[in-house]
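Please open the model in your viewer, with the sequence panel beside it, and keep a way of selecting residues by number at hand. The stops below are meant to be taken in order.

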Amino acid sequence: MTPIDLRSDTVTRPTAAMRAAMAAAPVGDDVYGEDPTVRALEERLAAELGFEAGLFVPSGTQSNLIALLCHCARGDEYLVGMEAHTYKYEGGGAAVLGSIQPQPIAHAPDGTLPLDALQRAVKPDDPHFARTRLLALENTWHGRVLPQRYVQEATDWARSRGLACHLDGARLFNAAIASGVPARTLATPFDSVSVCLSKGLGAPVGSVLLGSAALMGQGRRWRKMLGGGMRQSGVLAAAALHALDHHVARLADDHARAARLADALSGIEGLQLLGCHTNMVFVDVPVARQAALAAHLAGDGIRVSIGYLPTVRLVTHLDIDDAAIARSVDSLARFFAN
């Protein structure tokens with residue numbers, strides 16, 4: 001059986017055409033600023049999304065961390081969602097490595113951070129408090145596309161309070177394809193944006209951080225300090241450029257397959273569908289049955305993320321085709337029939 005991996009869109013493997021592009025890439029030492037393929041990637045994304053400069057880094061976690069380190073100093077804080085990747089899933093890096101305090105805000109169901117809650121979280125200029133410096137949003141958030149009207153209101157509010165604005169746009173292109181709003185428009189309200197290339201776009205490694213030339217100058221110094229200087233990394237940037245050329249529009253296929261998966265699962269008795277957002281389907285599985293479900297699916301060559309919560313996330317991506325959706329539905333139906 002061909003394995004099916006629904007854990008995340010990070011599990012994709014480079015296509016043959018992408019591998020060919022990687023093999024043919026001209027390279028140099030990027031720490032010296034001499035890798036032409038890396039420069040082409042940084043310049044292309046900066047131009048397409050409306051920023052002065054870009055910085056190619058190994059991961060989205062490092063990209064977000066560099067942004068936080070550029071915007072905030074020791075003793076500063078950033079406002080961030082309680083379930084945001086930058087707060088919950090990046091090892092507390094801003095606090096551990098930057099002495100930056102996160103101020104988590106409870107998300108509304110659509111992924112927004114209510115403006116009144118943000119307003120209450122801003123600290124006065126008083127030595128008792130950390131200095132509020134930054135608003136960090138995420139789009140998509142758990143597959144949900146943030147309403148653009150909200151994004152504009154939130155970033156306008158932040159600037160009225162003297163705050164900078166950062167977007168964790170790991171799946172920015174999913175948001176653009178799903179909403180029909182150009183990625184540049186989604187990115188414009190922010191001072192910095194992190195775009196991940198190894199999720200839905202299917203590149204093997206890397207993210208690009210975007211911002212002003214001055215901000216990216218700071219970021220380059222932080223990247224070196226964090227061990228993110230990758231020398232002849234043009235072989236990786238070539239994969240990212242190939243993805244931008246060939247894998248953006250096809251994100252619609254991932255969204256369509258997720259919708260079909262959700263529709264089929266909604267008819268399985270004993271399995272509660274919680275929602276479908278872009279390329280992510282969320283179902284409720286009692287914790288007591290999750291180990292048995294994982295074993296059953298593994299027997300059918302299917303991998304899913306089973307955690308300590310009832311919610312299970314199923315993610316479609318470049319390596320999930322129509323046959324994989326059909327096999328997954330059949331396997332889940334057989335499990336819950338028993």
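What follows is a tour of a predicted model, going from an annotated region through its sheets and helices to some individual residues.

**The annotated region**

Begin by selecting residues 5–285, the stretch that UniProt, in an unreviewed entry, annotates as "domain: Aromatic amino acid beta-eliminating lyase/threonine aldolase". Over residues 5–285 the chain is 42% helix and 19% strand, and the C-alpha atoms at the two ends of this stretch are 18 Å apart.

**The seven-stranded sheet**

Next, colour the strands of the open sheet whose order is 2-8-7-6-5-3-4, a sheet of seven strands with mixed pairing. Which strands stand at its edges? They are strand 2 (53–57) and strand 4, and because each has a single partner strand, one side of each is left without a neighbour in the sheet. If you look along the sheet, the twist from one strand to the next averages 20°.

Within this sheet, zoom in on strand 3 (residues 76–81) and strand 5, which run parallel and are joined by four bridges. Leu79 is a useful place to centre the view, since its opposite residue in strand 5 is Leu135.

Now add helix 3 (residues 60–71), which packs on the sheet and touches strand 2, strand 3, strand 5, strand 6 (164–169), strand 7 and strand 8. The direction of helix 3 makes about 25° with that of strand 8. Then show helix 10 (residues 213–225), which lies across strand 2, strand 7 and strand 8 and runs at about 20° to strand 2.

**The annotated lysine**

Keep strands 7 and 8 in view and select Lys199, for which UniProt, in an unreviewed entry, lists "modified residue: N6-(pyridoxal phosphate)lysine". Lys199 lies in the loop between strand 7 (192–196) and strand 8 (207–211). Is Lys199 buried or exposed? With a relative accessible area of 13%, Lys199 counts as buried, because the cut-off for that word is under 20%. Show its surroundings as sticks: leaving out residues up to four places away in sequence, Lys199 touches Asp9, Thr10, Thr12, Ala170 and Arg171.

**A crossing of two helices**

Move on to helix 1 (residues 16–24) and helix 11 (residues 234–246), which pack at an angle of about 135° with their axes 8 Å apart. Why are these two helices called oblique to each other? The angle of about 135° falls outside the ranges for roughly parallel, roughly antiparallel and roughly perpendicular, and therefore it counts as oblique. The crossing of helix 1 and helix 11 is right-handed. To see the contact itself, show the side chains of Ala17, Met18, Ala21 and Met22 in helix 1, which meet Val235, Leu236, Ala238, Ala239, His242 and Ala243 in helix 11.

**The three-stranded sheet**

Now select the strands of the open sheet with the order 9-10-12, three strands with antiparallel pairing. Strand 9 (272–277) and strand 12 (311–315) are the edge strands, each pairing on one side only, and the twist from one strand to the next averages 20°. Between strand 9 and strand 10 (residues 280–284), which run antiparallel, there are five bridges; for one pair to inspect, find Gln272, which stands opposite Asp284 in strand 10. Helix 12 (residues 251–265) lies across strand 9, strand 10 and strand 12, and it runs at about 20° to strand 10.

**Asn174 and the cis peptide bond**

From here, centre on Asn174, which lies in helix 8 (residues 172–179) and is buried, with a relative accessible area of 3%. Apart from neighbours within four places in sequence, Asn174 is in contact with Thr140, Leu251, His255, Thr278 and Asn279.

Follow that contact to Thr140, in the loop between strand 5 (131–138) and helix 7 (148–160). The peptide bond that joins Asn139 and Thr140 is cis, with omega about 5°.

**Two residues with positive phi**

Stay in the loop between strand 5 and helix 7 and select His142, which has a positive phi of about 50° although it is not a glycine. His142 is partly exposed, at 26% relative accessibility.

Finish at Ser99, in the loop between helix 5 (93–98) and strand 4 (101–105). Ser99 has a positive phi of about 55° and is not a glycine, and with a relative accessible area of 30% it is partly exposed.

How values were computed: Residues are numbered from 1 along each chain as its sequence is written. This is a predicted model: local features need pLDDT of at least 70, side-chain atom pairs count only at pLDDT 80 or more; totals for chains, interfaces and linings use all residues. Side-chain values use heavy atoms; hydrogens and water are left out. Two strands pair if DSSP finds at least two bridges between them. Axes are lines fitted to C-alpha atoms, for helices over the stretch in contact, and angles run from 0 to 180 degrees between N-to-C directions. Contact means heavy atoms within 4.5 Å. UniProt positions are given in the numbering used here, feature names are shortened, and annotations may be inferred rather than shown by experiment. Buried means under 20% relative accessible area, exposed over 50%, partly exposed in between (1.4 Å probe, protein chains only). A crossing is left-handed if the near helix is turned anticlockwise from the far one by less than a right angle, and right-handed if clockwise.
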